[in-house]
Amino acid sequence: MLGLEMPEFAPGSVWLVGAGPGDPGLLSLHALHGLRAADIVVYDALVDSRVLKLARAGAVLEFAGKRGGKPSPRQRDISLRLVELAREGKRVLRLKGGDPFVFGRGGEEALTLAGARIPFRIVPGITSGIGGLAYAGIPVTHRDTNQSVTFVTGHGVTGDVPDGLDWEALARAAPTVVFYMALKHLDRIAQLLVAGGRDAATPAAIVSRASTPEQRVLETTLGTAARDAAAANFEPPALFVVGEVVRLRAGLDWLGAAQGRILDSNPLGLDGRGTAESA
Ligand code: SAH
């Protein structure tokens, strides 16, 4: 493909592949090569149907997620299924939304494969918390606003707000926080950050179905996010991002610009010019 030497997808092996946030153009070349070679693709609910269409014509597509209110297969069962398929001598492509190692349980599946002595390869994907936000015109770092970015899951193992988090430290020391799986507990998450000392006026955004034709973006603040999201009927999958970087969207909403939005070259209102060229 493209004159590049690509790795062989050996029968009896598993590739754990990130499908990116939605737009098939965000797949890696390794992901595309794997899809063209796989005998079976075991995919999650978050994988975009346009990506599945890129699988080899004869490949079996097997769904391993939640559908129609039925409980999702247990993680252990999915891992064992991968082992079983590999032992049958198949080229097994395990396809996950975003990146398999970012809140994707790819590590757990790979550890099961390691334990069963099944050869595997990891194909990273563009995680929604970076690539999805880029489709909303929100960079996760920007020199004038933040020197770090923090990715947080909005669900703990039990489905509640994660209890292992130091919310005060997040509120105080994490200038940009990107929450995955945040919609269910948005209210509580925002309250915990404000209680931890973060200004309720901090810019925030909710981005649902990023990089798909159904992408929606809501610009709000930490204090008003939960109310605004409910009023606008936002639905998962969605990201919640808190921090000054959200202001940059006024200048970087490239999708909006294609539909006529006038971009502001100085969205942070810096003196003199849009970016501080040298400090
Ligand atoms: N491995 C995935 C994350 C899986 S957790 C990744 O790297 O992106 C599932 C969460 O990912 C969702 O609840 C949502 O917060 C986020 N997500 C995945 N795809 C998304 C998309 N297209 N738009 C917005 N959020 C998305």
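Me: Before we start, what do buried, exposed and partly exposed mean here?
Reply: Buried means a relative accessible area under 20%, exposed means over 50%, and partly exposed lies in between. The model we are looking at is a predicted one.

Me: Why is Phe103 called partly exposed?
Reply: Phe103 has a relative accessible area of 37%. Partly exposed covers values between 20% and 50%, so the label fits Phe103.

Me: And what makes Tyr180 buried?
Reply: The value for Tyr180 is 7%. Buried requires under 20%, therefore Tyr180 counts as buried.

Me: How many aromatic pairs are there in the whole structure?
Reply: A search finds seven. One of them joins Phe103 and Tyr180, with 5.0 Å centre to centre and 65 degrees between the planes.

Me: Why is the pair of Phe103 and Tyr180 called edge-to-face?
Reply: Ring centres must lie within 6.5 Å, and planes over 60 degrees apart count as edge-to-face. With 5.0 Å and 65 degrees, Phe103 and Tyr180 meet both conditions, so the name applies.

Me: What makes this pair a tie between separate parts?
Reply: Phe103 is in the loop between β4 and α4, while Tyr180 is in strand β7, so the pair ties together parts 77 residues apart in sequence.

Me: How do you know that Phe179 and Phe240 are stacked?
Reply: Their planes are 25 degrees apart and their centres 5.9 Å apart. Stacked needs under 30 degrees, with centres within 6.5 Å, so Phe179 and Phe240 qualify. Both residues are buried.

Me: What makes you say that Arg216 sits over the ring of Phe234?
Reply: The charged end of Arg216 is 4.2 Å from the ring centre of Phe234, and the distance cut-off is within 6 Å.

Definitions and conventions. Residues numbered from 1 in each chain as written. Predicted model: local features only at pLDDT ≥ 70, side-chain atom pairs only at ≥ 80, totals over all residues. Heavy atoms only, no water. Phe/Tyr/Trp six-rings, centres within 6.5 Å; stacked < 30°, edge-to-face > 60°. Helix = DSSP H or I, 4+ residues; strand = E, 2+ residues; numbered from the N terminus. Buried < 20%, exposed > 50% of the residue type's maximum accessible area, 1.4 Å probe, protein only. Lys NZ or Arg CZ within 6 Å of the ring centre and 35° of its normal.
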